[in-house]
Amino acid sequence: MRIVSGIQPTGNLHLGNYLGAIRNWVAMQDKVTAEGGECLYFLADLHAISMPHVPADLAANTREMIAALVACGLDPERSILFNQGQVPQHAELQWLLNGTARMGWLNRMTQWKDKAGKNREGASVALFTYPVLQAADVLLYQATHVPVGEDQKQHLELARDIAQKFNNDFCTEDAPLFTLPAPFIPPEAARIMSLRDGTQKMSKSDPSDMSRINMTDSADTIMQKVKKAKTDPEPLPSEKAGLEGRPEAKNLVAIYAAMAGSTVDAVLGEFGGEGFGKFKPALGELLVEKLGPINERFLALREDIPALDAILRKGGEKARALGIPTLQKTYDALGIMRG
Ligand code: TYM
């Protein structure tokens with residue numbers, strides 16, 4: 001097995017990232033590396049320039065994000081941790097795959113439609129071709145599984161389409177070049193929603209910090225955000241079906257279940273019939289208990305900048321060594337001579 005996934009180093013690591021993706025990165029690291037497979041996890045700094053950004057912030061956020069990932073349990077000795085910028089093969093492969101990706105496929109991407117909005121003419125070209133770089137990220141390493149939240153599913157399907165078309169167009173049937181990557185999405189935390197609006201996903205780009213729990217929030221801030229989270233006046237139902245049409249209640253119960261390693265049914269078994277006056281403090285305490293140790297490790301790690309840079313440099317070296325053979329085969333398949 002070869003596991004590959006990435007996260008944009010913009011803003012803070014939040015609970016949606018953690019429950020939707022990072023927790024699975026850690027679980028896969030523990031399982032897959034023990035069985036001789038590889039895990040590659042990277043900070044998508046090349047993707048981050050698709051939106052307006054401040055260069056000094058991007059560099060600082062890249063370091064903060066690597067500190068946060070290590071604090072969550074990723075181990076640079078077992079997983080290959082790096083930022084895309086250290087591995088130019090990602091951008092090179094993207095260019096080669098631009099010949100295979102179709103305009104129509106990219107035009108259908110919901111992230112492109114959401115982020116470009118009505119201002120398509122003013123959006124960056126990078127925002128449009130973003131999913132081709134994402135395909136290159138995973139195809140470069142022949143990824144078998146890609147742990148992500150639900151919002152990345154469409155990009156992963158596109159990566160499969162690109163791989164399939166390239167294999168069809170430039171390879172013989174018995175020797176396809178690219179492995180088709182399978183998304184791995186946690187059913188119970190596929191989409192964690194905003195604390196202010198249960199119909200919007202929890203996101204780094206939400207202007208309100210009250211909408212998300214950051215992995216770096218203090219205990220007081222977490223309790224405060226949970227207390228202020230939007231809810232409805234009804235008590236919690238005893239059965240899952242009773243959460244339909246109640247997006248905020250559904251989200252808080254899902255967060256509790258995912259954090260406790262339990263199920264929605266079990267949480268409702270315990271809290272069914274109770275109001276939010278009882279449920280919210282219990283959820284806040286659970287979050288503080290689970291996130292407190294991560295936060296402590298993060299605060300210690302973020303100070304040691306040379307150590308963080310060394311993690312990224314070493315991870316970058318290992319990633320380059322794994323990616324170069326596939327890149328060379330891609331040039332060969334396309335008939336591009338390289339000396
Ligand atoms: P990004 O940085 O937006 O998010 C990182 C990971 O967190 C997941 N996630 C969520 N999961 C559940 N609920 C939420 N509210 C939530 N918000 C975010 C995302 O699904 C993702 O798994 N394009 C990617 C980064 C990327 C990538 C890749 C991922 C670049 N190349 C190759 C996988 C493979 C992104 O912007 O994720």
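In which helix does F276 lie? F276 lies in helix α12, shown in the fourth view below. The model is predicted: local features need pLDDT of at least 70, side-chain atom pairs count only at pLDDT 80 or more, and totals for chains, interfaces and linings use all residues. Residues are numbered from 1 along each chain as its sequence is written, and side-chain values use heavy atoms, with hydrogens and water left out.

**View 1. The ligand and its shell.** There are 28 residues around the ligand, of which Y130, D137, G149, D151 and I192 come nearest (a residue is near a molecule or strand if one of its heavy atoms lies within 4 Å of it). By class, the shell has 12 nonpolar, 11 polar and five charged residues; Ala, Val, Leu, Ile, Met, Phe, Trp, Tyr, Cys and Pro count as nonpolar, Asp, Glu, Lys and Arg as charged, and the others, Gly among them, as polar. At least two shell residues come from each of β1 (2-7), α1 (15-32) and α7 (125-139). Helices (H or I, at least four residues) and strands (E, at least two) are DSSP runs, numbered from the N terminus.

**View 2. Polar atoms at the ligand.** A nitrogen atom of the ligand is 2.7 Å from an N or O atom in the side chain of Y130. A ligand nitrogen atom is also 3.2 Å from a polar backbone atom of G16. At G149, a polar backbone atom is 2.9 Å from an oxygen atom of the ligand. The protein buries 96% of the 710 Å² that the ligand exposes when taken alone (Shrake-Rupley method with a 1.4 Å probe; for residues, only the protein chains shown count as cover).

**View 3. Helix α10.** Helix α10 (residues 247-260) has 14 residues and reaches 20 Å from its first C-alpha to its last, close to the 20 Å expected at 1.5 Å a residue; the expected span is 1.5 Å times one less than the number of residues. Of the 14 residues, 11 are buried, where buried means under 20% relative accessible area, exposed over 50% and partly exposed in between (1.4 Å probe, protein chains only). Among the buried residues are E248, N251, Y256 and M259. The buried residues of α10 pack against α1, α11 (264-271) and α12 (276-301). Just after α10, G261 takes a positive phi of about 65°.

**View 4. F276 in α12.** F276 is buried, with a relative accessible area of 9%. Not counting residues up to four places away in sequence, F276 touches T231, D232, E234, L236, R246, A249, L252 and P281 (contact means heavy atoms within 4.5 Å). F276 and E234 are 42 residues apart in sequence and 8.3 Å apart in space, C-alpha to C-alpha.

**View 5. A67 in α3.** A67 is placed in helix α3 (residues 55-71) and is buried, with a relative accessible area of 0%. Leaving aside neighbours within four places in sequence, A67 is in contact with F298, L301, R302 and L308. From A67 to H155 the C-alpha to C-alpha separation is 26 Å, with their positions 88 residues apart in sequence.

**View 6. T129 and Q142.** T129 lies in helix α7 and counts as buried at 17% relative accessibility. Leaving aside neighbours within four places in sequence, T129 is in contact with Q94 and L106. Q142 is found in the loop between α7 and β4 (145-147). Phi of Q142 is near 55°, a positive value in a residue other than glycine. Q142 is buried, with a relative accessible area of 19%.

Technical notes. A polar contact is a pair of N or O atoms within 3.5 Å; within protein, one must be able to donate a hydrogen and the other to accept it, and residues adjacent in sequence count only if both atoms are side-chain atoms.
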